[in-house]
Amino acid sequence: MSSEHTTLRVRVTARDADTLRTLLRETRPDVGGRVRRGEDGRFGVDAFVSAEEAEALDREGVTVTVHEDATAGGRARQAEVARGDRFAPEDAVPHGLARKVPEA
């Protein structure tokens, strides 16, 4: 198994509530929100799944639409966050179980 895991945010849409309910019961994806009925009468829910799980969700009467690579989006948001403690005084000494390493 690769240490690199990608999570996708997908929209799973089924022609009727029973089809979607059965699919969710069988596959148990990590859903993000509640099931909603579209203007076209189809039922859909957002889910967070791997690429393999997305393929497994795609079956007759069900459409899977990939909205984004949630892993890449999360990494981009993490890159925006500073690593230091901006509230610590400059001469603060770290405490706890850690190693003190020079900043690069």
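Ser-50 is buried, with a relative accessible area of 6%. The model shown here is predicted, and this residue is a convenient place to enter it. Ser-50 sits in the loop between strand β4, which covers residues 43-49, and helix α2. Apart from neighbours within four places in sequence, Ser-50 is in contact with His-5, Thr-6 and Leu-8. The label "buried" applies because the relative accessible area of 6% falls under the 20% cut-off.

One of those contacts, Leu-8, leads to the next part of the structure. Leu-8 belongs to strand β1. Its relative accessibility is 13%, and Leu-8 therefore counts as buried, since the limit for that word is under 20%. Which residues does Leu-8 touch, leaving aside its neighbours within four places in sequence? They are Ala-47, Phe-48, Val-49, Ser-50, Ala-51, Val-66, Glu-68, Asp-69 and Ala-70. Glu-26 can be used to give a distance from Leu-8: the two are 18 residues apart along the chain, and their C-alpha atoms are separated by 19 Å.

Strand β1, residues 8-14, also holds Arg-9. This residue brings in the charged side chains. Side chains of opposite charge can pair when their charged atoms come close. The structure holds seven salt bridges. In one of them the side chains of Arg-9 and Asp-46 meet, with 3.9 Å from N to O. The two partners come from distant parts of the chain, since Arg-9 is in strand β1 and Asp-46 is in strand β4, 37 residues apart.

Is Arg-9 buried, partly exposed or exposed? Its relative accessibility is 24%, so Arg-9 counts as partly exposed. Arg-9 also forms a salt bridge with Glu-68, where the closest N and O atoms are 3.1 Å apart. Glu-68 lies in strand β5 (residues 62-69) and Arg-9 in strand β1, so this pair ties together parts that are 59 residues apart in sequence. Glu-68 is partly exposed, at a relative accessible area of 34%.

Asp-46 has a salt bridge with Arg-11 as well, and the closest N and O atoms of that pair are 3.5 Å apart. Because Asp-46 lies in strand β4 and Arg-11 in strand β1, the pair ties together parts that are 35 residues apart in sequence. Arg-11 is partly exposed, with a relative accessible area of 21%. What do the salt bridges that share partners join into one network? They join Arg-9, Arg-11, Asp-46 and Glu-68.

From the strands, the path goes on to the helices. Asp-18 is placed in helix α1, which covers residues 17-27. Asp-18 is exposed, with a relative accessible area of 52%; the word fits because the cut-off for exposed is over 50%. Measuring from C-alpha to C-alpha, Asp-18 and Thr-63 are 15 Å apart in space, and they are 45 residues apart in sequence.

The other helix in this account is α2, residues 51-57, where Glu-52 has its place. Is Glu-52 buried or exposed? Its relative accessibility is 59%, so Glu-52 counts as exposed. Glu-52 helps to form a negative surface patch together with Glu-53, Glu-55 and Asp-58. The route that began at Ser-50, in the loop between β4 and α2, thus closes in helix α2 with Glu-52.

Note on methods: Residues numbered from 1 in each chain as written. Predicted model: local features only at pLDDT ≥ 70, side-chain atom pairs only at ≥ 80, totals over all residues. Heavy atoms only, no water. Patch = residues over 30% accessible without salt bridge, like charges linked within 9 Å, V, L, I, M, F, W, Y side chains within 5 Å. Areas by Shrake-Rupley, 256 points an atom, 1.4 Å probe, with all protein chains shown as cover. Salt bridge = Lys/Arg side-chain N within 4 Å of Asp/Glu carboxyl O. Lys, Arg positive; Asp, Glu negative; His and termini not counted. Charge placed at Lys NZ, Arg CZ, Asp CG, Glu CD. Helix = DSSP H or I, 4+ residues; strand = E, 2+ residues; numbered from the N terminus. Buried < 20%, exposed > 50% of the residue type's maximum accessible area, 1.4 Å probe, protein only. Contact = heavy atoms within 4.5 Å.
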